[in-house]
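The exercises below invite you to read a structure step by step, each with a worked solution. Please look at the sequence and the structure before you begin.

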Amino acid sequence: MQTAERESLSQAESLLKLAQRAAFVGMWTLDVETGALEWSDQLAAIHDAPPGFQPPRDDPFGFYAPEWRDKIVGLVDACASTGTPFDEEMQIVTLKGRRAWVRTLGHAVLDETGEVVRVEGAVQEIAP
C-alpha cells in the first residue's frame with residue numbers, strides 16, 4: 001500500500017470513529033463460520049466497557065436485557081441463515097448494570113456464491 005493510500009485510509013478510520021462517538025453508534029461483525037463476534041471501541045463504550053473489550057464467545061448477546069435476548073438471538077440467527085436484515089429497538093444492561101435503550105441493526109454479507117459469511121451491524125444508544 002502506498003503512503004497516500006495509507007494516509008487516506010487512516011483519515012477515513014479517524015472520521016468513522018468521530019462519527020461513531022458523535023452519534024453514539026458502535027459497530028459489530030459476526031463471522032458466521034467461527035461465531036467470532038467483534039465490537040468497535042465505541043460499542044464497548046456504549047456498554048460501559050473499556051476499549052478493545054469483546055463479549056464472551058459463549059454468550060455474545062448476554063448484554064441484552066433478559067426480556068430481549070431471545071429476540072436478538074432470533075434476529076441474528078435469521079440474518080445469518082437467510083440473509084434477513086433487521087432494525088429493532090431493545091434494551092441492554094451494561095457492565096455497570098445500567099439499562100439503556102438501543103437501536104440494533106444488522107445485515108448479511110454474502111460471498112461470491114451467495115452464501116452468508118458475515119453479519120454486520122450497528123448499535124445506537126437512543127435513550128438511557
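**Exercise 1. How many salt bridges does the structure hold?**

Before solving, note that this is a predicted model, in which local features need pLDDT of at least 70 and side-chain atom pairs count only at pLDDT 80 or more, while totals for chains, interfaces and linings use all residues. Residues are numbered from 1 along each chain as its sequence is written, and side-chain values use heavy atoms, with hydrogens and water left out.

Solution. Step one is to fix the criterion, which asks for a side-chain nitrogen of Lys or Arg within 4 Å of a carboxyl oxygen of Asp or Glu. With this criterion, the structure holds six salt bridges.

Step two is to look at individual pairs, one of which joins the side chains of Arg99 and Glu67 at 2.8 Å from N to O. Arg99 belongs to strand E4 and Glu67 to helix H3 (residues 66-82), so this pair ties together parts that are 32 residues apart in sequence. (Helices, H or I of at least four residues, and strands, E of at least two, are DSSP runs numbered from the N terminus.)

Step three turns to Lys71 and Glu88, whose closest N and O atoms are 3.8 Å apart in a salt bridge. Because Lys71 lies in helix H3 and Glu88 in strand E3 (residues 86-93), the pair ties together parts that are 17 residues apart in sequence.

Step four takes Asp87 and Arg103, which form a salt bridge with closest N and O atoms 2.5 Å apart. Here Asp87 lies in strand E3 and Arg103 in strand E4, so the parts tied together are 16 residues apart in sequence. In addition, Asp48, Arg98 and Glu125 are joined into one network by salt bridges that share partners.

**Exercise 2. Are Arg99 and Glu67 buried, exposed or partly exposed?**

Solution. Begin with the cut-offs: buried means under 20% relative accessible area, exposed over 50%, and partly exposed in between, with a 1.4 Å probe and protein chains only. Arg99, at 36% relative accessibility, counts as partly exposed, and Glu67, with a relative accessible area of 48%, is partly exposed. For the protein chain as a whole, buried residues make up 34% of the 128 residues.

**Exercise 3. In what order do the strands form the sheet?**

Solution. Start from the chain, which has three helices and five strands, and whose elements run α-β-β-α-α-β-β-β from the N terminus on. Two strands pair if DSSP finds at least two bridges between them. The five strands form an open sheet in the order E2-E1-E5-E4-E3, with antiparallel pairing. Strand E2 (37-39) and E3 are the edge strands, since each pairs on one side only. Neighbouring strands of this sheet are turned by 25° against each other on average, direction ignored, where axes are lines fitted to C-alpha atoms, for helices over the stretch in contact, and angles run from 0 to 180 degrees between N-to-C directions.

Next, follow the pairings of E5. Strand E1 (residues 25-31) is joined to strand E5 (residues 116-127) by seven bridges, the two running antiparallel; in E5, Gly121 is the bridge partner of Trp28, and Ala122 that of Met27. Strand E4 (residues 99-110) pairs with E5 in the antiparallel sense over ten bridges, and Ala108 stands opposite Val119 in E5. E4 and E5 form a hairpin with five residues between them, and Gly114 in the turn has a positive phi of about 90°.

**Exercise 4. How many aromatic pairs does a search of the whole structure find?**

Solution. First apply the rule: rings of Phe, Tyr and Trp (its six-membered ring) pair if their centres lie within 6.5 Å, planes under 30 degrees apart counting as stacked, over 60 as edge-to-face and the rest as tilted. The search finds six aromatic pairs. One of them, formed by Trp68 and Trp101, is edge-to-face, with 5.9 Å centre to centre and 75° between the planes. This pair links distant parts of the chain, as Trp68 is in helix H3 and Trp101 in strand E4, 33 residues apart. Trp68 is partly exposed at a relative accessible area of 22%, and Trp101 is also partly exposed, at 31%. Finally, ring pairs link Trp39, Phe53 and Phe63 into a cluster.
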